[in-house]
Amino acid sequence: MDNRTFRNAMGKFATGVTVITTEIHGQVHGMTANAFMSVSLDPKLVVISIGEKAQMLDKIKNSKKFAVNILAENQQELSMTFAGQIKEKRERSFENLGGLPVLEGAVAQVACKVVNEHVEGDHTLFIGKVIDIHLEEGEPLLFFNGQYRSLLSKEILSNK
Ligand code: FAD
Ligand code: NAD
C-alpha cells in the first residue's frame with residue numbers, strides 16, 4: 001500500500017486542529033497537530049503523536065510538558081504558521097496557563113505534564129496528565145480530506 005492511499009484514508013477522519021506548545025530554556029515552540037485524543041477521565045489524560053523529524057519531539061522530551069490549543073475557526077493562519085506552511089517568520093505572543101505558553105483565542109487550552117511516552121513507528125506518543133484548562137466560546141477549525149473546513153451547518157444532529 002502506498003503512503004498516499006494511507007493518508008487519503010486517514011484524511012476521511014474529520015478532526016479539529018490543535019497547536020501544541022511548549023517552553024524550554026525560555027524559548028516557546030509551537031507545532032500544528034491533529035493527532036490528539038482524550039484518553040482517560042480518572043485520571044485526566046490526553047495523548048498527542050509527534051513525528052520523529054519534528055523539532056517539537058526533543059523539546060517535549062526535555063521540557064516534560066505541553067499545552068494543546070484547540071483552534072477556533074478563524075485561526076487557520078495560525079495552523080498554517082505552526083505547520084511551517086507560511087514561510088515568513090512572524091513574532092507571536094503567548095498567554096500563560098499552568099506555566100505553559102498558550103494561544104489566545106483558542107476554543108480550549110489544555111495544559112499537561114508528560115507522564116509517559118511510547119515510540120511507535122516514526123512517531124512518539126506522549127501521554128499528558130491535564131493540570132489546567134481554559135475554555136472560550138466559539139466554533140472550531142476543522143481538517144478533512146487534507147483541507148481546512150468550518151462547521152457549515154451549526155445544526156446539532158439529534159441523538160434519537
Ligand atoms: P518547525 O517546522 O521548525 O516549526 C513549525 C513552524 O512554527 C515554523 O514555521 C516556525 O517558525 C513556527 N514557530 C514555532 N515556534 C514559534 C514561535 N515561538 N513563534 C512564532 N513561530 C513559531 N505532525 C505531527 O508530528 N503530528 C501531528 O499530529 C501533525 N498534525 C498535523 C495536522 C495538520 C492539519 C497539519 C497541517 C500538519 C500536521 N503535522 C503533524 C505536521 C507538522 O505540523 C509539521 O511537520 C511542522 O512543521 C513540524 O514542526 P516542527 O516542530 O518540526 O517545527
Ligand atoms: P494529508 O493528506 O497528508 O493528511 C491526511 C491525514 O493523513 C492526516 O489527517 C493524518 O491523519 C494522516 N497523515 C498525514 N501525514 C502523516 C504522517 N506523516 N504520519 C502519520 N499520519 C499522517 O494532508 P496534508 O494537507 O497533505 O498535510 C500537510 C502536511 O502535514 C503533510 O506533510 C503531512 O504529512 C503533515 N501531517 C502530519 C501528521 C502526522 O504526523 N500525524 C498529521 C497530519 C498532517
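The questions and answers below explain the terms applied to this predicted model.

Residues are numbered from 1 along each chain as its sequence is written, and chains are lettered from A and ligands numbered from 1 in the order in which they are written. As the model is predicted, local features need pLDDT of at least 70 and side-chain atom pairs count only at pLDDT 80 or more, while totals for chains, interfaces and linings use all residues.

Q: What makes up the protein chain in terms of helices and strands?
A: The protein chain has three helices and twelve strands. Helices (H or I, at least four residues) and strands (E, at least two) are DSSP runs, numbered from the N terminus.

Q: Why is the protein chain called as compact as a globular protein of its length?
A: Its radius of gyration, taken over C-alpha atoms, is set against the globule rule, 2.2 Å times the number of residues to the power 0.38. The value is 16 Å and the rule gives 15 Å for 160 residues; the two are close, so the chain is as compact as a globular protein of that length. Along the principal axes, the C-alpha atoms fill a box of roughly 45 × 40 × 40 Å.

Q: Why is H25 called exposed?
A: A residue is exposed if 12 or fewer other C-beta atoms lie within 10 Å of its own, buried if 20 or more do, and partly exposed in between; C-beta atoms are placed from the backbone. H25 has 7 C-beta neighbours inside 10 Å, so it counts as exposed. H25 sits in the loop between strand 2 (18-24) and strand 3, and its phi is positive, about 50°, although it is not a glycine.

Q: Is K64 buried, exposed or partly exposed, and why?
A: K64 has 15 C-beta neighbours inside 10 Å and therefore counts as partly exposed. K64 also has a positive phi, about 60°, without being a glycine, and lies in the loop between helix 2 and strand 6 (65-70). Across the protein chain, buried residues make up 26% of the 160 residues.

Q: How do you know which strands are the edges of the open sheet?
A: Strands pair if DSSP finds at least two bridges between them. Seven strands form the open sheet, in the order 3-2-6-9-10-5-4, with antiparallel pairing. Strand 3 and strand 4 each pair on one side only, and these are the edge strands. Within the sheet, strand 2 and strand 6 are joined by four bridges and run antiparallel; T21 stands opposite A67 in strand 6.

Q: What makes a residue part of the shell around ligand 1?
A: A residue is near a molecule if its C-beta atom, placed from the backbone, lies within 6 Å of it. For ligand 1, 22 residues surround the molecule, and the closest are A33, A35, G51, M56 and G84. Two or more residues each come from strand 3 (27-33), strand 5 (45-51), helix 2 (55-63) and helix 3 (76-82). Strand 3 gives the most, six residues.

Q: How are the residues around ligand 2 divided into nonpolar, polar and charged?
A: Ala, Val, Leu, Ile, Met, Phe, Trp, Tyr, Cys and Pro count as nonpolar, Asp, Glu, Lys and Arg as charged, and the others, Gly among them, as polar. The residues around ligand 2 are R7, M10, G11, N34, A35, S49, G51, A83 and G146. They divide into three nonpolar, five polar and one charged. The shell around ligand 1 divides into eleven nonpolar, nine polar and two charged.
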